[in-house]
Amino acid sequence: MKVRGIVFDLNGTLIDINTDEANEQIYRSISHLLKYYGIRTSRGDVREGYYQTLKEQRRRGGEEFPEFDAVAVWREFVVGRAARSGVTIPKNKLAVLPHFLAELYRGISLNRLELYPDVREVLDELRPRYRLAALTDAQSAWAVPEMRLAGLENYFYPVVVSGDFGYRKPDQRLFVTTLKRMHLPAEEVVFVGNDMYRDIFGARQAGLRTIFFATGQGQQSMDGVEAHYNIYRFAELRNAIRFFEDE
């Protein structure tokens, strides 16, 4: 097999990440902030309103594998709560506030963000030889700064983020979009992921060779689905790529 491109999932594959969306400080901080815009709310109202808006947004999308847009969720929440409070948010404020709230939400929830061992060293070796891309189920408002924090911002083109599309893996359109932006056919591309359903099943359905990185995050098995190659340390990716090139 001629390998010309490698697509990576991000969280759980390259980045060891842990978040706690149940942290009450998230919703308390947002409710306090919104008071300065004339919006009277509580942490419980913020929490319940956020998840209700998110749920409705996914339902309206009508997708088989629905994804949400965190910035759009906060925009809808703020507009609704402002109307209920009888205030109007100035356009210049409304243009930036939802994005800021999405970042605040994620920043407070984030407990850990670090690369798995050997990730940077292996990527440095691969970058001169292959086209490297990222395909992740995430939000651009979170994924882009988190890649920067992890030191990964210059490794991948394209970076395809599900939150920009309204659907998530294993939806085939995400894999097709990634391949088109790489200008490569599926038979010359390998996908590396940690979730047997969203990553491995999805990539195999799209015709890519697959490498499963068993990090313990994500779905670890799926009936009738196997990766073409399994690794248990990221450094083993070197051997996996050689395996495909020797086919």
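# Why these labels?

Analyst: In this predicted model, α2 gives the largest share of the lining of the largest pocket, namely four residues.

User: What is the volume of the largest pocket?

Analyst: The volume is about 610 Å³. Among the 29 lining residues, the closest to the centre are Asn 11, Arg 106, Asp 137, Ala 138 and Arg 168.

User: Which elements give two or more residues to that lining?

Analyst: They are β2 (15-19), α2 (43-61), α5, α7 (140-150) and α9 (196-205).

User: What makes up the lining of the largest pocket, by class?

Analyst: Charged residues number 12, nonpolar ones nine and polar ones eight. Arg 106, one of the residues closest to the centre, counts as charged because Arg belongs to that class.

User: Where else does Arg 106 appear? Which residues of α5 are buried?

Analyst: Arg 106 is on that list too, with Leu 97, Pro 98, Leu 101, Ala 102, Tyr 105 and Ser 109. Residues three or four places apart on an α-helix point the same way, because there are 3.6 residues a turn.

User: How do you know that the reach of α5 is close to the expected one?

Analyst: Helix α5 covers residues 97-109, which is 13 residues. From first C-alpha to last, α5 reaches 18 Å, and the expected value is also 18 Å. The expected span is 1.5 Å times one less than the number of residues, so the two values can be set side by side.

User: How many cavities of 30 Å³ or more does the structure hold?

Analyst: It holds one. The largest cavity has a volume of about 30 Å³. Why is this called a cavity and the other a pocket? A probe fits in a cavity but cannot get out, whereas a pocket is an open set, so the two names differ.

User: Which residues line the largest cavity?

Analyst: The lining consists of Leu 10, Asn 11, Ile 15, Thr 136, Ala 143, Glu 146 and Met 147. Helix α7 gives the largest share, three residues. By class, there are four nonpolar, two polar and one charged. Glu 146 is in that lining, and Glu counts as charged because of its class.

User: Why is Asp 16 called buried?

Analyst: Asp 16 has 14% relative accessibility, and the cut-off is under 20%, so Asp 16 counts as buried. Its place is in strand β2. Beyond its sequence neighbours, Asp 16 is in contact with Arg 112, Leu 113, Glu 114, Tyr 116 and Gln 217.

User: What makes the link between the side chains of Asp 16 and Arg 112 a polar contact?

Analyst: The distance is 3.0 Å. The limit is 3.5 Å for a pair of N or O atoms, so the pair qualifies.

User: Is Arg 238 buried, exposed or partly exposed, and why?

Analyst: Arg 238 has a relative accessible area of 27%, and the middle class runs between 20% and 50%, so Arg 238 is partly exposed. It sits in helix α10 (residues 237-245).

User: Which residues does Arg 238 touch, leaving out those up to four places away in sequence?

Analyst: Arg 238 touches Glu 121, Val 122 and Glu 125. With the side chain of Glu 125, the side chain of Arg 238 makes a polar contact at 2.8 Å. That value falls within the 3.5 Å limit, so the label applies.

User: Why is Thr 177 called buried?

Analyst: Thr 177 has a relative accessible area of 16%, which is under 20%, so it is buried. Thr 177 belongs to helix α8. Its side chain reaches the backbone oxygen of Arg 173 at 2.8 Å.

User: Why is His 183 called exposed?

Analyst: The relative accessible area of His 183 is 66%, and exposed means over 50%, so the label fits. His 183 lies in the loop between α8 and β6 (189-193). Its phi is positive, about 60°, although it is not a glycine.

User: What is the phi of Asp 118?

Analyst: Asp 118 has a positive phi of about 75°, and it is not a glycine either. This residue is in the loop between β3 (110-115) and α6 (119-126). Its relative accessible area is 32%, between 20% and 50%, so Asp 118 is partly exposed.

User: Where is Pro 158 placed, and what joins Tyr 157 and Pro 158?

Analyst: Pro 158 is in the loop between α7 and β5 (159-161). A cis peptide bond joins the pair, with omega about 0°. Lys 169 and Pro 170 are also joined by a cis peptide bond, with omega about 15°. Pro 170 lies in the loop between β5 and α8 (172-182).

Technical notes:
Residues numbered from 1 in each chain as written. Predicted model: local features only at pLDDT ≥ 70, side-chain atom pairs only at ≥ 80, totals over all residues. Heavy atoms only, no water. Buried < 20%, exposed > 50% of the residue type's maximum accessible area, 1.4 Å probe, protein only. Contact = heavy atoms within 4.5 Å. Polar contact = N/O pair within 3.5 Å; in protein donor to acceptor, adjacent residues only side chain to side chain. 1 Å grid on protein atoms, 1.4 Å probe; cavity = no way out; pocket = protein on both sides within 12 Å on 5 of 7 lines; lining within 4 Å. Points joined across faces, edges and corners; volume = space filled by probe spheres on them.
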